[in-house]
Amino acid sequence: MVMLLQDAEGPPTLCDLCLAQVCRSLSSLCSMRADGSMSLIWAPVFPQETADQLLNHMAAKEILNDTTVGIFRNCKELRLRRASIRSCPLSAEAFHLALCPHRLLELDASWVSGGLTGADIVSGLASNPECRSSLQRLSLNGLRLDWESLEANGGIHVGFSSLRGLRMLNLANTDLNDAALEDICTLPHLETLDISCSAISKLTALLECKNTLRSLIAHRQRHLDMSPARLVFVFSQLHALKHLDFSEDHFSVDDSDGRDGDETVRQLLEGSPQVLPSLVSLDISGRKRISEAAIRSFVESRSGLVFLGLLATGVSSCDFFSTQKNLKVTGEADENQVCEALRRYRDRECFVREALVHLYSLTTDTDKPQPDVLKLVVSGMQRHPTSLHIHLVATACVFNLTTQDLAEAMPISLLSSTVTQLLNTMKNFPNHQQVQKNCLLALCSDYILQEVPFDKYLAAMLVINWLSSHEDPTLQRMAVAVISILVAKLSTEEMAQFSKDIFIMKQLLAIVQQKAMVGVVDSTLKFALSALWNLTDEMPVAARNFIECRGLELYEEVLESYYTEPSIQQKVLGLLNNIAEVEELQVDLMEEDLLEHILSLLQDSQVDVGVRYFAGGILAHLASRPDAWTLENELRSTVLKQLHDSIMTWTHLEREMVSYRSFHPFCPLLQTCQPAGVQLWAVWAIHLVCTQNTSHYSSMLEKEGLTELLKALAAHPSTHSDIKGLSDSILNLIQRQHLTQTHLLNFKLTVATRWD
């Protein structure tokens with residue numbers, strides 16, 4: 001018995017579905033103001049949390065901009081408290097008009113684009129008296145503060161200290177300077193401050209908030225100009241401090257650059273237990289020259305410590321940690337430490353990269369599904385879309401975590417987001433061979449390709465483009481395998497678009513020719529033939545491209561040279577069958593040698609039934625139009641006789657050999673005026689697929705009107721008894737399917753009535 005895993009995240013909530021629909025329908029729900037911004041035509045008073053969620057949805061779906069943010073100018077119906085405009089393109093004017101009038105408690109404006117600066121945001125928020133006291137959390141990660149530009153344009157320099165209610169301030173990756181830090185440290189309630197990767201040279205100003213500051217994040221402080229002893233003194237005076245992050249980017253610093261910081265950490269670890277005695281977490285990842293003895297002493301003297309960041313320090317494998325059950329550690333000693341690093345350092349490229357390198361080694365031979373770990377890997381890729389280093393290792397980790405049967409135990413939604421991210425990676429790094437190879441390895445899973453929802457069209461285009469510039473046999477085999485499955489999964493519209501590209505046809509035919517020249521029978525050849533077969537299925541444009549690319553000549557050679565290979569012959573004849581279905585292309589098949597060869601396959605009782613089936617299909621389509629027959633009539637008469645004689649000797653096939661997008665190509669063959677051999681092939685083919693998948697094909701027959709054709713055929717006095725028998729059998733299958741569905745519906749209604 002196999003336990004089926006539910007998606008860990010579960011289905012979307014009703015609120016999420018409604019908000020997603022609002023996002024999709026904004027243009028019809030809004031009118032346009034004179035300045036080009038949107039305004040809701042009508043809106044009820046939203047629950048306050050729902051207004052926040054709507055803004056967050058718009059930001060996450062990348063539709064929040066100067067135009068759409070205009071709906072939040074309506075402060076009565078849409079009251080914002082916790083707003084996120086992270087990474088959105090907003091101008092200063094749009095921000096001031098739409099967000100500043102709200103009584104905000106939190107604002108995340110990290111990495112916004114569109115010209116909005118930190119100075120614009122602070123001055124805008126300070127212009128609202130309510131915001132001055134209400135705003136508690138502000139994140140400006142990745143922004144230029146640019147006070148000078150604000151003043152040059154006539155603005156008034158309003159510092160962070162004007163926002164008196166601030167408790168948390170994130171100014172990582174900004175141009176924060178010493179003067180601004182001094183202003184910030186006068187905030188009366190400041191508890192959390194992130195000044196990572198800034199231009200600060202002195203931390204002395206922190207002494208002004210030593211009684212309130214509980215968390216200091218000072219990662220990668222390259223511009224500090226303080227002695228290690230002075231830095232330790234400042235840290236020691238921060239009496240309320242519970243969390244200290246003084247980590248370093250070990251990839252971009254040499255021994256001399258980080259020496260003072262490393263010395264500061266050494267003195268802190270080896271110093272008095274009275275320095276930061278109440279510390280709960282310390283992060284010194286990336287620091288060098290740290291001893292295990294100093295780490296042990298520091299931890300033992302601070303019983304409240306629950307987190308220690310030691311990634312890329314060389315000491316995370318200390319045996320001492322095995323006795324510290326309540327202490328979480330980031331490092332590389334084991335999978336727990338690595339995953340903790342991926343969770344905590346999502347926004348730090350250097351640490352994500354380091355953690356992924358170790359995760360790859362730890363998961364190389366994994367045999368248990370680890371959806372939580374896969375989610376961390378995908379999150380790292382999403383957070384750093386342009387980092388080659390991260391995607392190079394992350395894609396290898398994805399392969400490790402989804403290979404073999406591991407994918408089948410993962411939540412479908414997680415696999416879907418994983419594959420979507422792999423496709424984004426392929427788009428972002430088109431020329432990096434190893435990244436493309438890793439993505440292809442991960443994609444080459446029958447389960448993922450068949451069962452997981454993702455953009456199959458995009459995937460097929462990316463793989464075919466990659467294939468054009470690589471000839472590695474192993475990778476070529478995988479790429480062609482992926483394409484052959486994806487092509488069969490495309491919608492009719494997508495297939496029509498895909499089949500227009502003659503470049504795709506040339507690529508696949510080149511592989512067939514390459515293999516046929518040396519006479520090999522391998523999976524690459526079979527996958528290429530399958531892809532071409534699927535590509536031309538009810539696609540006249542693709543069939544025409546095939547002929548224009550001299551595919552017909554190539555296939556004639558393959559048909560003759562692979563005479564003893566039924567798996568190859570079936571695929572070749574299957575494609576020729578697709579061409580024979582296109583009336584205007586039938587003339588291209590009117591070659592006596594070709595048709596006589598196909599006829600010989602039909603007649604040969606030693607040939608596989610599957611091969612004879614497709615040979616019969618080609619001949620039936622060509623013989624069904626006497627006006628278009630350009631060869632000797634005697635040959636047509638022979639074809640028609642042999643069709644009937646041969647088909648009656650075929651045994652029923654249990655294995656599924658063929659599937660049909662529709663039965664439209666069969667309509668001309670089922671007319672009562674057609675010769676018996678043509679009709680017999682058509683009803684035998686329909687009977688075959690209907691017995692193998694009755695529910696699917698019976699509904700298709702009815703929807704496309706073929707049941708009426710079959711009834712007319714069965715009732716016509718001149719219809720051959722063999723054809724009547726098969727037609728009646730198909731109609732009985734359809735009727736039994738109807739009865740089954742009716743019984744099932746009645747049962748459901750009975751159960752529902754009883755429950756009522």
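Select H219 and S247 in this predicted model. Their side chains are joined by a polar contact of 2.8 Å. To place H219 along the chain, show the loop between β8 (215-217) and α9 (228-236), where H219 lies. Is H219 buried or exposed? H219 counts as buried because its relative accessibility is 4%, and the cut-off for buried is under 20%.

Next, go to M517. This residue sits in helix α22, which covers residues 502-518. M517 has 69% relative accessibility, so it counts as exposed; the cut-off for exposed is over 50%. Now add V518 and V520 to the selection. Together with M517, V518 and V520 make a nonpolar surface patch of about 310 Å².

The last stop is a charged patch. Select E557, E560, E591, E592, D593, E596, E632 and E634, which form a negative surface patch. Colour the helices α25 (551-561) and α27 (592-603), the elements that give two or more residues to this patch. Which element gives the largest share of the negative patch? That share comes from α27, with three residues.

Finish on one member of the negative patch, E592. E592 is placed in helix α27. How does E592 count in terms of exposure? E592 counts as partly exposed because its relative accessibility is 42%, and partly exposed lies between the cut-offs of 20% and 50%.

How values were computed. Residues are numbered from 1 along each chain as its sequence is written. This is a predicted model: local features need pLDDT of at least 70, side-chain atom pairs count only at pLDDT 80 or more; totals for chains, interfaces and linings use all residues. Side-chain values use heavy atoms; hydrogens and water are left out. Patches are made of residues with over 30% relative accessible area and no salt bridge: like charges are joined within 9 Å, nonpolar side chains (Val, Leu, Ile, Met, Phe, Trp, Tyr) within 5 Å. Accessible areas come from the Shrake-Rupley method with a 1.4 Å probe; for residues, only the protein chains shown count as cover. A salt bridge is a side-chain nitrogen of Lys or Arg within 4 Å of a carboxyl oxygen of Asp or Glu. Lys and Arg count as positive and Asp and Glu as negative; His and the chain ends are not counted. The place of a charge is taken as NZ of Lys, CZ of Arg, CG of Asp or CD of Glu. Helices (H or I, at least four residues) and strands (E, at least two) are DSSP runs, numbered from the N terminus. Buried means under 20% relative accessible area, exposed over 50%, partly exposed in between (1.4 Å probe, protein chains only). A polar contact is a pair of N or O atoms within 3.5 Å; within protein, one must be able to donate a hydrogen and the other to accept it, and residues adjacent in sequence count only if both atoms are side-chain atoms.
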